[in-house]
Amino acid sequence: MQLDPVNVVAPSRELVLWSRLGPRAGSLFSGLWWQDRWLFEYWAHAAAVVLTEDYPIHRVSMDAYPPPNLSYTATWMAANDRLREHVLHRLGEGAPLPTDAFEDCAVVDWASTGWTAGRNVERPRSVTRRLR
């Protein structure tokens, strides 16, 4: 079940389960996840809740971490310390914020040949999580 950070009504996983299984689905899901431990959160194809029995499948990816470009990531983070501090400070204020609420004060743009090129504001949050 993919985790989606957008939750205007409720988290997407709860809406999907409710629409298919009814109003008790959320508590059943929480029980499987938190009490019974049949599920765990992992970055599978995206942020997702996956079956614990599939842990060996995901272990291959876990063992391959950190990715080869982590040195680039660390260099980018060091060059953009002001941006990282800005994001952490704003997040520390406690209120939920959309990405566009953060100032892009990056000195060096995030380099990518994909859809993340130049998306500086999103990088500190995800990279800081990985570097902890």
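**Exercise 1. What pattern does the protein chain follow when read along the sequence?**

Solution. This is a predicted model, in which local features need pLDDT of at least 70 and side-chain atom pairs count only at pLDDT 80 or more, while totals for chains, interfaces and linings use all residues. Residues are numbered from 1 along each chain as its sequence is written, and side-chain values use heavy atoms, with hydrogens and water left out.

Step 1. The protein chain has six helices and two strands, where helices (H or I, at least four residues) and strands (E, at least two) are DSSP runs numbered from the N terminus.

Step 2. Read along the sequence, these elements give the pattern α-α-β-β-α-α-α-α.

Step 3. Of the 132 residues of the protein chain, 27% count as buried; buried means under 20% relative accessible area, exposed means over 50%, and partly exposed lies in between (1.4 Å probe, protein chains only).

Step 4. Among contacts between residues at least 6 apart in sequence, 35% join residues at least 24 apart, a contact being heavy atoms within 4.5 Å.

**Exercise 2. Describe how helices H1 and H2 are packed, and place Ala25 in that picture.**

Solution. Step 1. The axes of H1 (residues 12–21) and H2 (residues 25–35) come within 8 Å and cross at roughly 120°; axes are lines fitted to C-alpha atoms, for helices over the stretch in contact, and angles run from 0 to 180 degrees between N-to-C directions.

Step 2. H1 and H2 are therefore oblique to each other, given that angles under 35 degrees count as roughly parallel, over 145 as roughly antiparallel, 65 to 115 as roughly perpendicular and the rest as oblique.

Step 3. From H1, the residues Arg13, Leu17, Trp18 and Leu21 meet Ala25, Phe29 and Trp33 of H2. By class, the residues of this contact are six nonpolar, no polar and one charged, where Ala, Val, Leu, Ile, Met, Phe, Trp, Tyr, Cys and Pro count as nonpolar, Asp, Glu, Lys and Arg as charged, and the others, Gly among them, as polar.

Step 4. Ala25, which lies in H2, counts as buried because its relative accessibility is 3%. Not counting residues up to four places away in sequence, Ala25 touches Leu17 and Trp18, and its C-alpha atom is 9.3 Å from that of Leu15, 10 residues apart in sequence.

**Exercise 3. Which eight residues form the largest nonpolar core, and which helices each supply at least two of them?**

Solution. Step 1. The eight residues of the largest nonpolar core are Trp76, Met77, Leu83, Val87, Phe102, Cys105, Trp110 and Val121; such a core is a set of buried Ala, Val, Leu, Ile, Met, Phe, Trp, Tyr and Cys residues joined through side-chain atoms within 4.5 Å.

Step 2. Helix H4 (70–79) and helix H5 (81–92) each supply at least two residues of this core. A second, separate core has seven residues, including Leu17, Phe29, Trp33 and Leu39.

Step 3. In soluble globular proteins, nonpolar side chains tend to be buried together.

**Exercise 4. At what rough angle do the axes of H4 and H5 cross, and what surrounds Asn80 and Tyr72?**

Solution. Step 1. The axes of H4 and H5 come within 4 Å and cross at roughly 80°, so these helices are roughly perpendicular to each other.

Step 2. Trp76, Met77, Ala78 and Ala79 in H4 meet Asp81, Leu83 and Arg84 in H5, and this contact has five nonpolar, no polar and two charged residues.

Step 3. In the loop between H4 and H5 sits Asn80, which counts as buried at 1% relative accessibility. Its contacts, leaving aside neighbours within four places in sequence, are with Ala106, Val107 and Val108.

Step 4. Tyr72, found in H4, is partly exposed, with a relative accessible area of 29%. Leaving aside neighbours within four places in sequence, Tyr72 is in contact with Asp109, Trp110 and Ala111, and the C-alpha atoms of Tyr72 and Trp110, 38 residues apart along the chain, are separated by 9.6 Å.

**Exercise 5. Where does Arg37 lie, and which residues does Leu51 touch?**

Solution. Step 1. Arg37 lies in the loop between H2 and strand E1 (39–43), and has a positive phi of about 60° although it is not a glycine.

Step 2. Leu51 belongs to strand E2 (residues 47–51) and is partly exposed, with a relative accessible area of 38%.

Step 3. Not counting residues up to four places away in sequence, Leu51 touches Trp38, Leu39 and Phe40; Leu51 and Trp38, 13 residues apart in sequence, are 5.9 Å apart from C-alpha to C-alpha.
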